[in-house]
Structures are given as structure tokens and as C-alpha cells.
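Please load the model in your viewer and keep the selection panel at hand. The stops below go from the contact between the chains to individual elements, with a suggestion at each stop of what to select.

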Amino acid sequence: MTEIPEDEVTAPWWEATRSRRLTVQRCGRCGLAQLPPRVLCTGCGSTASRLEPVDGQGVVDSYTVIHRAPDPAAEAPYTVARVRLAEGPILLTALVGVAHPRCDLPVTLAWRPLPDGRALPVFTTEE
Amino acid sequence: MSVAIVGAAECDLGHTGLSTQQLLAQAVRRALDDAGLRVCDVDGIATTGHGRFPATQLADQLGLCPSWTDSTAAGGAVFEMYVARAAQAIEAGQCSVAVIAFASNQRSARSRRIGGVYDAATPEAQFEQPYQPLWPLSYYAMTAQRYLHTYRLDRADLARVAVAAREHALRNPAAFRHSAGPLTVDEVLAAPMISSPLGALDCCLVTDGGGAIVLTSLDRARHLAKPPVRVLGYGESVTHAAMATPDDLLSTGAAASGARAFARAAVRPEEIDVIQLYDSFTVSVPLGLEQLGFCPPGTGVHWAGVPVNTTGGGLSYCHPGQLGVLLLVEAVRQLRGEGGPRQVDGAATALVHGTGGIASSHATVILGVR
């Protein structure tokens, strides 16, 4: 996989992953929490959103076990999921170390390090 | 509304060994022949999926200088969107004969990638691609997983959608699986898993193919070769680009798109005689029927109403990457009574519903001959 791109809108979010902090964008005007970081708040259109850390607790909205990887370097099977954070936003992410994934399963944040020092948020169960 | 579809045709389908330009030209020429019109009668072109400027490219190939073009890109639903825009352009006098066309040689060219194509400039390249979902397959897989979980169903319930599609294909000589024989639920369940809960036979085909339809004013249509198929109504809804955006995987844009089309047409779901509904994956059919208002949530897998996808659909007939134009072609044929062994007796009103991307774009067209 080539290096994951970032831009001036998302760089602070990625920077926080270097210290293993998961953040969401919170609008200073309407209070909406959103991911991924955007230029405008999807609730009210304002530019007053700021990143704030989240607890890392979530629930599996849905998941899929992928048996045929698009990239030969990826080792199938692996599990991709939509996880709904306690703060509201949904992330597309991976489940790791979850033997029996299911919808509505509570999960907690873990990290998958990237070669450049950033990290990808993934989720797991405390077993 | 005062616009009608007057021509409809497929290009060669399946594994053709032909170029996209050849298939596109076939589709346009055959649809015009079907209408009794000539290439030089066309002054409106809508197409997508090839080159940077698809409508411009097709106009050049046909030797035309159209007064209206559209190359909106919205995935496989865009052809139903084009019907709306073409009808508006004809009613507004911007053009008089519009051709909507699409073709792909993706099977011959082996150009389909299971992971899809992520543009590095989009947020999805940062927040989605790193997890290596299959695109669009894994989005539909997560939708299917949520669907089965919510309604306490299992994979066999979805498998029956593929079985029904095959039954239609056995009655359609143009279908890729026409000679493959009947399919069983057990065979669908035993096929290799791709992105759970969807296995290989829950997924649409990868074939060459395409088609074209021709639209003109109802006044002009009355003087052409075939009985006019009237555009009664249309609607659309675009909801998301990223897999994480929708709050509820089971509430799709089909609900708003369908409601808008039914309202514009002043038609109710129970008045529809035949349905052409984009079956990218098995789950697309029950969820689509429910969201369009044909049956309550969670009951689409038990649908026993009017026929759906009489060609065999994307699952067993043809899937050239964007199926939407072929849904329109089949609806026209059914309404004209040209369906042969798969004809729905007395079909007078048809609903066509396209989806594009990862259920990102939805567009509905209601057609009729009364």
C-alpha cells in the first residue's frame, strides 16, 4: 500500500494519531460531531469546528469479512466494519482480534501503526 | 409529461472481444433503427463511462454537433437521471431527439478491479482505502449483514434472489447465464465467500455490454415505428460518497427517489406491472423493493408480487459495470409486449430504479403505454 495521503484539512487529525489520540471534529456553533474532518460543518455549514479527543468506545454498526483482498499484500481474511462512536460519528475501520464479530457488538479503540509514525484507528473487544 | 421513449436496444453482450467505441456505436445505431430514425436526426446525447468527455466523444464518433449533451457521472443510476434531464431538455426545446447510451467491454478488456479505484484527492483515500474494503462490494456486504441482523434472516433468504434472477435468465436468450441451467440456494451458499455475507453468486456478473434508448416529444413519437412509451415520472436522490456517511444502512435514497417519481407520475406502487431494479448484489433487490414502497421493511425477500428484473438482471443477464441503461431497455420492451417468453402479460406501467456507486445515487423512472 502506498503512503496514505493527508491535506491541510486533515493533517491535525492525522497528527493526533502519532500520540494515539482519536479525535472528532466538534462544531463551535451547532455542536455537531463529525468525521472525517471537513472544511464545513455538515450540520450548519460553519467553519468553526475544532478537533476534540474521544473516549474510543463504540458499537459495531455492521461488518464484513473480506476473503479476497484487492491488494496482494493484504492478508485475507480480514474484517472491515462501520463503528459508531459513543460521541456519534461513524468510522470505517477494521476489527482486530474479534473472533465472532456481530452487529451491535461493543468495541474499544486500538491502533495499527503506520511506517511513517501515524496510526490507523482500529477496534477490538476486551476479551 | 409529453416525452416518450421511441427506440431501445442492446449492443452485443457478454464476452465480445470488441472495443467500447464499437459497442457504443452498435447500441446507438440499433436503438435508432428500432425507432425508425437516422443518426442525423439526433441532436441530444447523454453518455458516460468512457474517456474524459464522454458525450463529446460520442458526438464526434457519430459526426454530430448536438444542441444538448449530458455526461453527469453518478454510477449506474445515471441513465435514469439522464431520462429526467433529456425529458426536460426536449420539453424546453433545447433538443428534439435525445439518445442515452452506454457500453463497456470490461470483461474482454479485463479492466474491472475488485478493490475499485480510489482517487487520491478524495477523503475516502485517507479514511477508507487504508482498510482495504472491496469497492463497491464491501459496502453492500455491510448493508446485507445489517439487513440479515435486523430482520433475523439468513444467507439463504438472500440466495433466493439469485435463484429468481437465474429463472428469468433461462427465459432470456441474451442472458449471460441463459444456458447455465437453474440455480439452487445450496449452490449460491456454497460459492466462494467474497465479502461476508456475500459470496460470488450474490454478486453481479462482470460482462461486456450496454445499450441505448431514444427519446423525443410525444407528438413526434406518434409518427414513428413503434408505439411510444411515455415518461410518466422521475425522481432521484444522492445520499453519500463514503462508506461511513450514512447513519442507517437500511434507509437508502430509493425511498425519496421513488416517492418523487410516484408523485410526479401520479401513480401508486400497486399500479406498477413490472419492475426493473438494479441488482448489483442480492441484497439490493429486497431492500430496494422495501425502500421504493412495494413492501414493508424486512419482507422484500418474500416478494411474490409483480415480476422483477425479467432479463435475469445484473446477477444472471448482463452487468457491464453500469446496468442502468439496460434496465430502461427491458422496461420499454415489456411495455411494448416484445418480451417473448419472458413477457409480462398486459404490462402497461413499469418502474425502473437505478443505483450508482455504493448505493450513493438513486434514480427512479416510471414509464407507461396507456
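**The contact between the chains**

Begin by selecting both sides of the contact, which takes 27 residues from chain B and 26 residues from chain A; two residues are in contact if their C-beta atoms, placed from the backbone, lie within 7 Å. On the side of chain B that touches chain A, the elements that give two or more residues are α5 (123-127), α6 (137-150) and β5 (193-195) of chain B, where helices (H or I, at least four residues) and strands (E, at least two) are DSSP runs numbered from the N terminus. Colour α6(B) next, since the largest share of that side, six residues, comes from α6(B). By class, the side of chain B that touches chain A has 16 nonpolar, eight polar and three charged residues, with Ala, Val, Leu, Ile, Met, Phe, Trp, Tyr, Cys and Pro counted as nonpolar, Asp, Glu, Lys and Arg as charged, and the others, Gly among them, as polar.

Before going further, note that this is a predicted model, in which local features need pLDDT of at least 70 and side-chain atom pairs count only at pLDDT 80 or more, while totals for chains, interfaces and linings use all residues. Residues are numbered from 1 along each chain as its sequence is written, and chains are lettered from A and ligands numbered from 1 in the order in which they are written.

**Chain A and its open sheet**

Now show chain A alone, which has one helix and eight strands, in the pattern α-β-β-β-β-β-β-β-β along the sequence. Its C-alpha atoms fill a box of roughly 45 × 35 × 25 Å, taken along the principal axes. The radius of gyration of chain A is 15 Å, which agrees with the value near 14 Å that a compact globule of 127 residues would have; this radius is taken over C-alpha atoms, and the globule rule is 2.2 Å times the number of residues to the power 0.38. Of the 127 residues of chain A, 31% count as buried, a residue being buried if 20 or more other C-beta atoms lie within 10 Å of its own, exposed if 12 or fewer, and partly exposed in between, with C-beta atoms placed from the backbone.

Which strand order should you look for in the open sheet of three strands in chain A? The order is β2-β1-β3, with antiparallel pairing, and two strands pair if DSSP finds at least two bridges between them. β2 (33-34) and β3 (49-53) of chain A stand at the edges, each with a single partner strand, so one side of each is left without a neighbour in the sheet. Strand β1 (residues 23-27) of chain A pairs with β3(A) over five bridges in the antiparallel sense, and selecting A:T23 will lead you to its bridge partner in β3(A), A:P53.

**Chain B: a covered strand**

Switch to chain B, whose secondary structure comes to 13 helices and 11 strands, and in which buried residues make up 61% of the 370 residues. Select strand β1 (residues 3-10) of chain B, where eight of its eight residues are buried. Seven bridges join β1(B) to strand β7 (residues 209-217) of chain B, and the two run antiparallel; β1(B) also pairs in the antiparallel sense with strand β8 (residues 229-238) of chain B, over two bridges. B:A4 is a useful residue to centre on, as B:A4 stands opposite B:T216 in β7(B) and has B:R230 as its bridge partner in β8(B).

**Chain B: two crossing helices**

Move to helix α13 (residues 324-336) of chain B, in which 12 of its 13 residues are buried, among them B:G324, B:V325 and B:L335. After α13(B) comes B:G337, whose phi is positive, near 75°.

Add helix α3 (residues 78-91) of chain B, whose axis comes within 6 Å of that of α13(B) and crosses it at roughly 65°; axes are lines fitted to C-alpha atoms, for helices over the stretch in contact, and angles run from 0 to 180 degrees between N-to-C directions. B:V78, B:F79, B:E80 and B:V83 in α3(B) meet B:G324, B:V325 and B:L328 in α13(B).

**Last stop: B:A156**

Finally, select B:A156 in helix α7 (residues 155-169) of chain B. B:A156 counts as partly exposed because it has 13 C-beta neighbours inside 10 Å. Leaving aside neighbours within four places in sequence, B:A156 is in contact with B:V185 and B:L189.
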